[in-house]
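Reader: I am new to this structure and would be grateful for a close look at one part of it. Please take the salt bridges as the subject, and then place them in their surroundings.

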Amino acid sequence: MRKNILATSFVLAIISTMIIPSCVVRRSEPIVGNMFAPVDQLAIEGETIYMAKCQKCHPGGEGGLGPSINGLPGFLKPVQIRHGLGVMPAFKQDDLPKDELKKVRIYMREWQKY
Amino acid sequence: MRSPNGGGQITTIPPRSVHAGDIALPPGYKIEPVISGLTFPTAIAFDDSNNLYVIEAGYSYGEVWGVPKLLRVNGDQLTQIAAGTDNGPWTGIAWHDSAFYVAEGGEKHGGQILKISREGVMTPLISNLPSIGDHHTNGPLIKDNYIYFGQGVATNSGVVGEDNAEFGWLARHKDFHDIPCKDVVLAGENYSSKNVLTDEPDDMVSTGAFVPFGTTTTAGQVIKGSLPCTGSVMRIPINGGPVELVGWGFRNPFGLALGPDGSIYVTDNGYDERGSRFVWGTGDLLWKLQDGMWYGWPDFSEGKPLADNGEFKPPTKDGIKALLQTYPNTPPKPAAIFDVHSSSNGIDFSRNPAFGFNGEAFVAQFGDMSGAGKVLSPVGFKIIRVNVENGTIRDFAVNKGKRNGPASFLGSGGLERPVSVKFSPDGSALYVVDFGIMKTDKDGIQPQKETGMIWKITKI
């Protein structure tokens, strides 16, 4: 189990630090040319949680202190969130309960496709 | 760790190019230049006839000195109303009851709040504010016949160190240090550094919190509070008078604005990774000002303790230790958390439904000065809007391109470093003060004169 986590983390490290930054995807409203207006209440709540816990390092999902995550495949995000990566801290259950993680994932999915 | 890649890390410094078409806005908005060629502009004001005025700071990080000025803008013409001396930066301006009120940052001689008449007669209302360190006197905001202003801290995180010599002020003011607003009890942490005040290469000193460089402290030591103090929002009566404390424990309270409910909101720049006490990963913050509240500096960020907190532990360095033994109160949570190193500064609220986003805060993000902190991609260099009820942040005006960054980094004619925003008196237009080009790299900070400008955003 531990080896699998380490292997996944290694792959994420490669992807996040070397490949993703060169595939920055800007999703902000002025760039997209549309307004983000989720109707799913879970996405709305997820955005609020994202702003409190993720925005400062990944502003709008773009790079900043941390790398861009807008281009990161969805299935990798919860792994990175729960286990951390490099200088990114791990967000365990106490920091980000399961239901909040779900809301953040829904928000990020909506943000990617509006 | 990867090398930093901030927005100021340009190889060559281009001439300022101005092209509104290089700036993206939400559908239904347009942006146009108002005037360019300014040197270190920081804020604007409108008089009661809706004439536009701008202040030039007269000082920039990188220690470039000039003369602070108040200028009236009329088309592409500038008329000087008043000029300061060598005590910039002038960081903010407000118009009230037929006079201007200017925050004089006071890097050389201490901060002041100046009252300036229409004819340019200047009268200091308060002087000798503790502004001769890293951060300055900011604001001002007029409310209920009081002048509210922010006072930034002297150091990054409470301890005078080598980084303060690099800023330039430690050699000028060897005994300067942060001043708590109320008595604080120290944990007795001391930090070793080179003695930058001598030429001896092996000379080392040990420095504690809230004391001069090279002075140690002990656990349980009390540092007396006094006014005026650093890391605070204070106020004086509109015609001058005794200074009062409103809130403290800020780091650099730069922008002050009245929210829709009449509360004062404050933008507060977060910690940097520099000096004797590195702090990692702290966002700039938006606070709702509460009377008497302590907001956490130097031991908290976002209401979270720095000590023993992996979120703020600098990579490759030891964990952070608390500087204070006891705390005045549990710090509140911020209204919003901005990007790390975004330098989220000037703020104003939309009050006209015709403009849109009524009740939301608009914030100018000056942008990273990578060098004081590492980023993987440029951060800031744009205007954002904030729902202060739930902390949601959305971009409002950004440069076009495959990535974010200032125009000089992208090779375009868009925004450089927005430093403040202000709505017109009728709320129909948002003015953006753009400081201009500032190169930042391992060689230091290099601001460029005559590259500042003002933009105007309106609904189509």
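**Salt bridges and their surroundings**

Author: The model discussed here is predicted. In chain B, the side chains of Lys224(B) and Asp183(B) form a salt bridge, with N and O 3.0 Å apart. This pair links distant parts of the chain, 41 residues apart. Lys224(B) belongs to the loop between strand E18 (222–223) and strand E19 (232–237), while Asp183(B) belongs to the loop between helix H1 (162–167) and strand E15 (184–185). Lys224(B) has a relative accessibility of 59% and therefore counts as exposed, the threshold being over 50%. Asp183(B), at 42%, is partly exposed.

A second salt bridge joins Asp134(B) to Arg274(B), again with 3.0 Å from N to O. Asp134(B) is in the loop between strand E12 (122–129) and strand E13 (137–143) of chain B, and Arg274(B) is in the loop between strand E22 (264–268) and strand E23 (283–288), so the salt bridge ties together parts that are 140 residues apart in sequence. Asp134(B) and Arg274(B) are both buried.

A third salt bridge in chain B is that of Lys304(B) with Glu311(B), whose closest N and O atoms are 3.1 Å apart. Lys304(B) is partly exposed, at 23% relative accessibility. Glu311(B) has a value of 17%, so it counts as buried, for which the limit is under 20%. Over all chains, the search of the whole structure finds 28 salt bridges.

Salt bridges also occur between the chains: the count between chain A and chain B is 5. One of them pairs Glu47(A) with Arg394(B), the closest N and O atoms being 2.8 Å apart. Both residues belong to a network of salt bridges that also includes Glu29(A), Glu360(B) and Arg385(B). As for the interface itself, 28 residues of chain A are in contact with 42 residues of chain B. The two chains bury about 2600 Å² between them, of which 58% is on carbon and sulfur atoms. On the chain A side, the residues that lose the most area to chain B are Arg26(A), Lys56(A) and Leu65(A), which together account for 29% of what that side buries.

Strand E12, which borders the loop of Asp134(B), is also part of an open sheet in chain B, where 4 strands follow the order E9-E10-E11-E12 with antiparallel pairing. Strand E9 (90–96) and E12 stand at the edges, each with a single partner strand, so one side of each is left without a neighbour in the sheet. From one strand to the next, the twist averages 15°. Strand E11 (residues 111–117) pairs with E12(B) over 5 bridges in the antiparallel sense, and Ile113(B) has Ile126(B) in E12(B) as its bridge partner.

Ile113(B) leads on to the nonpolar interior. The largest nonpolar core has 38 residues, and those touching the most other members are Ile113(B), Ile147(B), Phe149(B), Phe210(B) and Ile236(B). At least two residues of this core come from each of strand E10 (99–104), E12, strand E14 (146–151), E19 and strand E20 (244–248) of chain B. Leaving aside residues up to four places away in sequence, Phe149(B) touches several residues, including Ile113(B), Ile126(B), Leu129(B), Ile236(B) and Leu256(B). Another core, of 30 residues, lies apart from the largest one, and among its members are Phe36(A), Tyr50(A), Ile81(A) and Met88(A).

Technical notes. Residues are numbered from 1 along each chain as its sequence is written. Chains are lettered from A and ligands numbered from 1 in the order in which they are written. This is a predicted model: local features need pLDDT of at least 70, side-chain atom pairs count only at pLDDT 80 or more; totals for chains, interfaces and linings use all residues. Side-chain values use heavy atoms; hydrogens and water are left out. A salt bridge is a side-chain nitrogen of Lys or Arg within 4 Å of a carboxyl oxygen of Asp or Glu. Buried means under 20% relative accessible area, exposed over 50%, partly exposed in between (1.4 Å probe, protein chains only). A nonpolar core is a set of buried Ala, Val, Leu, Ile, Met, Phe, Trp, Tyr and Cys residues joined through side-chain atoms within 4.5 Å. Contact means heavy atoms within 4.5 Å. Two strands pair if DSSP finds at least two bridges between them. Axes are lines fitted to C-alpha atoms, for helices over the stretch in contact, and angles run from 0 to 180 degrees between N-to-C directions. Buried area is the accessible area (1.4 Å probe) that two parts lose on being put together, summed over both.
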